[in-house]
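Good morning. I will go through one structure today, taking the aromatic rings, the ligand and a few single residues in turn.

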Amino acid sequence: MKEKIEQILTEVKAFHAESKEALENFRIAYLSKKGVIAALFNDFKQVAPEMRKEMGMKLNELKNAVQEILEEQQKQFETTTDTKNDLDLSLPAGMMNGSRHPLSIVRNEINDIFKRLGFVIAEGPEIEDDFHVFSALNFPPDHPARDMQDTFFVTKSPDVVLRTHTSSVQVRVMEQGKLPIRIIAPGRVFRNEAISARAHCIFHQIEGLYIDKNVSFADLKQTLYHFVQEYFGEGTKVRFRPSYFPFTETSAEMDISCNICGGEGCNICKHTGWVEILGCGICDPNILKACNIDPEEYTGFAFGMGIERIAMLKYQINDLRMFFENDIRFLEQFEQA
Ligand code: PHE
C-alpha cells in the first residue's frame with residue numbers, strides 16, 4: 001500500500017490542469033466519495049495496527065497534496081477568467097480606432113466649405129456680457145425679443161450671461177474695426193430650455209458674418225445656396241421665408257428640400273417636403289453703428305445655424321439627446337477612414 005500511495009503522490013504532483021474542466025475532473029477523481037483517496041481510506045481499515053501510524057501520515061500527505069494542487073491551480077483559472085472579460089483573444093489583431101464626435105465631424109465639414117469661400121474662423125468667450133449678446137445686437141433692455149432666447153444669467157448686475165448665440169463673436173470681430181469682415185463663428189451656446197428630443201440647454205452653432213462695400217441680399221442667397229449644394233448634394237432646393245431678428249433687416253429663414261424623402265413628404269419634414277436649417281438676413285444699420293462701422297459705406301449679411309440640427313438631417317438622427325449621452329454604440333458609427 002505504501003508504494004501505491006507514493007506512486008499516486010508522484011502522479012498528483014506532476015498534474016497540471018489545462019482547463020477549469022480538467023481541474024474539476026481531477027478533483028472528482030481524487031477527492032469525491034468514489035475517488036482514489038476515499039478508496040485508500042477504505043483500504044486503510046485493513047492495515048495492520050503497527051503500520052497504521054505511518055500509513056495514516058502518508059495518506060494525509062496525499063490528501064493535502066491534492067488539496068494544495070487544487071487550490072493553487074484554481075487561482076490561476078480565476079485570474080484567467082477575470083481578464084477574459086476585458087480581453088477577448090478571439091478578436092482580430094489591432095486596436096479599436098477612436099472616432100470623432102459626429103458634431104465635430106459636421107462642424108469641420110461646414111467650416112471647410114466656408115473656408116473655401118474665404119471665410120476665416122473666429123472665436124469668443126462662452127461667458128459673455130449683456131452688451132455682446134444683446135445690446136450691441138439691437139436688443140434694447142426689456143425688448144420682448146430677448147424672450148426668444150431664454151438666457152442663463154451668471155450675475156444680474158453687472159449682467160453676465162452664458163451666450164445664447166455665437167452672434168456675440170460677430171460683435172467682438174466688428175469692434176476690432178478691421179474691414180472687410182468675412183468670418184464664421186462656430187461654438188457652444190446655452191439656452192434655458194427643457195431637454196427633449198428636439199431641444200437641449202446646450203447646443204452648437206455656426207454663425208457667419210460678411211461685411212464689405214455693396215454686400216447685398218443676392219450675395220447672401222448665393223453663398224447659402226452654394227453651401228447647401230456642397231453639403232446636402234447638388235439639386236437640393238432652397239427657399240427663403242421672411243422672418244424677424246433684431247439684428248437683421250431684411251430677415252429670413254432658409255429651408256431646404258427634405259433630403260430624406262427628396263421633397264415628397266415624410267415625418268422629418270412633417271409632410272411639407274421642406275426643413276428649416278438656418279436664420280439669416282442683412283445686418284441692421286444699428287448694429288454696424290453700435291460697432292463704429294459706417295452703414296452708409298458698408299453693408300453686410302449674417303446667418304446662423306444649429307450644428308445639431310444639420311447633423312440630425314445629415315445622419316437621420318431623430319433624438320438630439322443622443323449627441324450628449326456619449327453612448328459608445330452611437331459614437332462608433334461615425335468612425336472615419
Ligand atoms: N443668432 C440667431 C439665433 O441664434 C441666428 C441668426 C444669425 C439669424 C444671424 C440671423 C442672422 O437664432
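Which charged end sits over the ring of Tyr 231? The answer is Lys 314, whose charged end is 4.1 Å from the centre of that ring. Before I go further, please keep in mind that this is a predicted model.

Let me stay with Tyr 231 for a moment. Its ring pairs with that of Phe 227, and the pair is stacked, with 6.0 Å from centre to centre and 10 degrees between the planes. Both residues belong to helix H8, which covers residues 217–232. They are four residues apart there, about one turn of the helix. Phe 227 and Tyr 231 are both buried. They also belong to one aromatic cluster, which includes Phe 114, Phe 119 and Tyr 210. Phe 232, Phe 301 and Phe 303 are in that cluster as well.

There is another lysine to show. The charged end of Lys 156 sits over the ring of Phe 153, 3.9 Å from the ring centre.

Now the aromatic pairs in general. How many are there? The count is 18 aromatic pairs. One of them joins Phe 139 and Phe 247, with ring centres 5.9 Å apart. Why is this pair called tilted? Its planes are at 40 degrees, and stacked requires under 30 while edge-to-face requires over 60, so the pair falls into the remaining class. This pair links distant parts of the chain, as its two residues are 108 residues apart. Phe 139 is in the loop between helix H6 (130–133) and strand E3 (153–155). Phe 247 is in the loop between strand E7 (238–242) and strand E8 (248–257). Phe 139 has 1% relative accessibility and therefore counts as buried. Phe 247, at 14%, counts as buried too.

Next, the ligand. Which residues come nearest to it? There are 14 residues around the ligand, and the nearest are His 165, Ser 167, Arg 191, Gln 205 and Glu 207. For three of these I can give a distance between polar atoms. In the side chain of Arg 191, an N or O atom is 2.9 Å from an oxygen atom of the ligand. Gln 205 has a polar side-chain atom 2.8 Å from a ligand oxygen atom. With Glu 207 the ligand atom is a nitrogen, and it is 2.7 Å from an N or O atom of the side chain. On its own the ligand has 320 Å² of accessible area, and the protein covers 92% of that.

I will now take two single residues. Arg 172 lies in helix H7, residues 167–175. Is Arg 172 buried, exposed or partly exposed? Its relative accessibility is 27%, and because that is neither under 20% nor over 50%, Arg 172 counts as partly exposed. Leaving aside neighbours within four places in sequence, Arg 172 is in contact with Pro 125, Glu 128, Asp 129 and His 132. Arg 172 and Ser 196 are 24 residues apart in sequence, and their C-alpha atoms are 32 Å apart in space.

The other residue is Thr 248, in strand E8. Thr 248 is buried, with a relative accessible area of 2%. Its side chain makes a polar contact of 2.7 Å with the side chain of Ser 251. Beyond its neighbours within four places in sequence, Thr 248 has contacts that include Cys 280, Gly 281 and Ile 282. Cys 283 and Asp 284 are also among its contacts.

Last, some points about the backbone. Which peptide bonds are cis? One runs from Leu 179 to Pro 180, with omega near -5 degrees. Pro 180 is in the loop between H7 and strand E5 (181–190). Another cis bond runs from Glu 249 to Thr 250, with omega near 10 degrees. Thr 250 is in strand E8.

Positive phi values appear at two residues that I want to point out. His 271, which is not a glycine, has phi near 60 degrees. This residue is in the loop between E8 and strand E9 (274–283). With a relative accessible area of 57%, His 271 is exposed. Gln 316 is not a glycine either, and its phi is about 55 degrees. Gln 316 is in the loop between helix H10 (307–315) and helix H11 (322–325). It is exposed, with a relative accessible area of 51%.

Thank you.

Definitions and conventions. Residues are numbered from 1 along each chain as its sequence is written. This is a predicted model: local features need pLDDT of at least 70, side-chain atom pairs count only at pLDDT 80 or more; totals for chains, interfaces and linings use all residues. Side-chain values use heavy atoms; hydrogens and water are left out. Rings of Phe, Tyr and Trp (its six-membered ring) pair if their centres lie within 6.5 Å; planes under 30 degrees apart count as stacked, over 60 as edge-to-face and the rest as tilted. Buried means under 20% relative accessible area, exposed over 50%, partly exposed in between (1.4 Å probe, protein chains only). A charge sits over a ring if NZ of Lys or CZ of Arg is within 6 Å of the ring centre and within 35 degrees of the ring normal. A residue is near a molecule or strand if one of its heavy atoms lies within 4 Å of it. A polar contact is a pair of N or O atoms within 3.5 Å; within protein, one must be able to donate a hydrogen and the other to accept it, and residues adjacent in sequence count only if both atoms are side-chain atoms. Accessible areas come from the Shrake-Rupley method with a 1.4 Å probe; for residues, only the protein chains shown count as cover. Contact means heavy atoms within 4.5 Å.
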